[in-house]
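Good morning, colleagues. I should like to take you through one chain, beginning with the overall picture and then turning to individual residues. Please keep the display in view as I speak.

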Amino acid sequence: IVHGGNPVMNWMVGCTSIVSDPAGNIKPVKPNRQKESKRNDGVIAAIMALNRAMIRGGHGNVYETHGVLVG
């Protein structure tokens, strides 16, 4: 994840572990909040936002489609 060196995101990326299933899919794992003070909510949010952007794909800019002047 390239995020411009944000210290909080650096910390969250460092707290993130991944697991894979038998099909080879990988996913981030939330830390156990009762046992650790680690958090990875920003990483999960970034993955979800990237997924949404990829799904939206070539459907245009939301600001252009809703009449907001950009530029």
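What share of the 71 residues in the chain is buried? Buried residues make up 8% of them, where buried means under 20% relative accessible area, exposed means over 50%, and partly exposed lies in between, with a 1.4 Å probe and protein chains only.

Before going further, I should state the basis of these values. This is a predicted model, in which local features need pLDDT of at least 70, side-chain atom pairs count only at pLDDT 80 or more, and totals for chains, interfaces and linings use all residues. Residues are numbered from 1 along each chain as its sequence is written, and side-chain values use heavy atoms, with hydrogens and water left out.

On confidence, pLDDT is the predictor's own score for each residue, from 0 to 100. The chain averages 78, and 76% of the residues score at least 70. Confidence is highest in strand 1, at 90, and lowest in helix 3 (residues 62-65), at a mean of 60. Where pLDDT is low, the predicted coordinates should not be read in detail.

Now the layout. The chain has 3 helices and 2 strands, in the order α-β-β-α-α from the N terminus. Helices (H or I, at least four residues) and strands (E, at least two) are DSSP runs, numbered from the N terminus. The exposed surface of the chain is about 5800 Å², and carbon and sulfur atoms supply 59% of it; these areas come from the Shrake-Rupley method with a 1.4 Å probe, and for residues only the protein chains shown count as cover.

Let us begin with helix 1, residues 7-15. Just at its N-terminal end, asparagine 6 acts as a cap, with a side-chain oxygen 2.9 Å from the backbone nitrogen of valine 8. Which residues of helix 1 are buried? They are Met9, Met12 and Cys15. Seen down the helix axis, these buried residues fall within an arc of 120°, so they line one face of helix 1; the arc is that of the directions from the helix axis to the C-beta atoms. Pro7 and Gly14, on the other side of helix 1, are exposed.

Methionine 12 deserves a closer look. Its relative accessibility is 14%, so methionine 12 counts as buried. Leaving aside neighbours within four places in sequence, methionine 12 is in contact with Arg39, Asn40, Asp41, Gly42 and Val43, contact meaning heavy atoms within 4.5 Å. The C-alpha atoms of methionine 12 and aspartate 41 are separated by 7.4 Å, although the two are 29 residues apart along the chain.

One of those partners leads us onward. Asparagine 40 lies in the loop between strand 2 (26-29) and helix 2 (41-56). Is asparagine 40 buried or exposed? At 0% relative accessibility, asparagine 40 counts as buried. With neighbours within four places set aside, asparagine 40 is in contact with Met12, Thr16, Val29, Lys30 and Pro31.

We come next to the strands. Strand 1 and strand 2 pair in the antiparallel sense over 4 bridges; two strands pair if DSSP finds at least two bridges between them. They form a hairpin with 5 residues between them, and glycine 24 in the turn has a positive phi of about 90°.

Two residues of strand 1 illustrate the pairing. Serine 17 stands opposite valine 29 in strand 2, and is partly exposed, with a relative accessible area of 44%. Beyond four places in sequence, serine 17 is in contact with Lys27, Pro28 and Val29. Isoleucine 18, also found in strand 1 (residues 17-20), is exposed, with a relative accessible area of 57%. Isoleucine 18 touches Ile26, Lys27, Pro28 and Val29, not counting residues up to four places away. Its C-alpha atom is 4.3 Å from that of proline 28, with their positions 10 residues apart in sequence given as the separation.

Lastly, the contacts across the chain. Of those with a separation of 6 or more, 33% are accounted for by residues 24 or more positions apart.

Note on methods: Polar contact = N/O pair within 3.5 Å; in protein donor to acceptor, adjacent residues only side chain to side chain.
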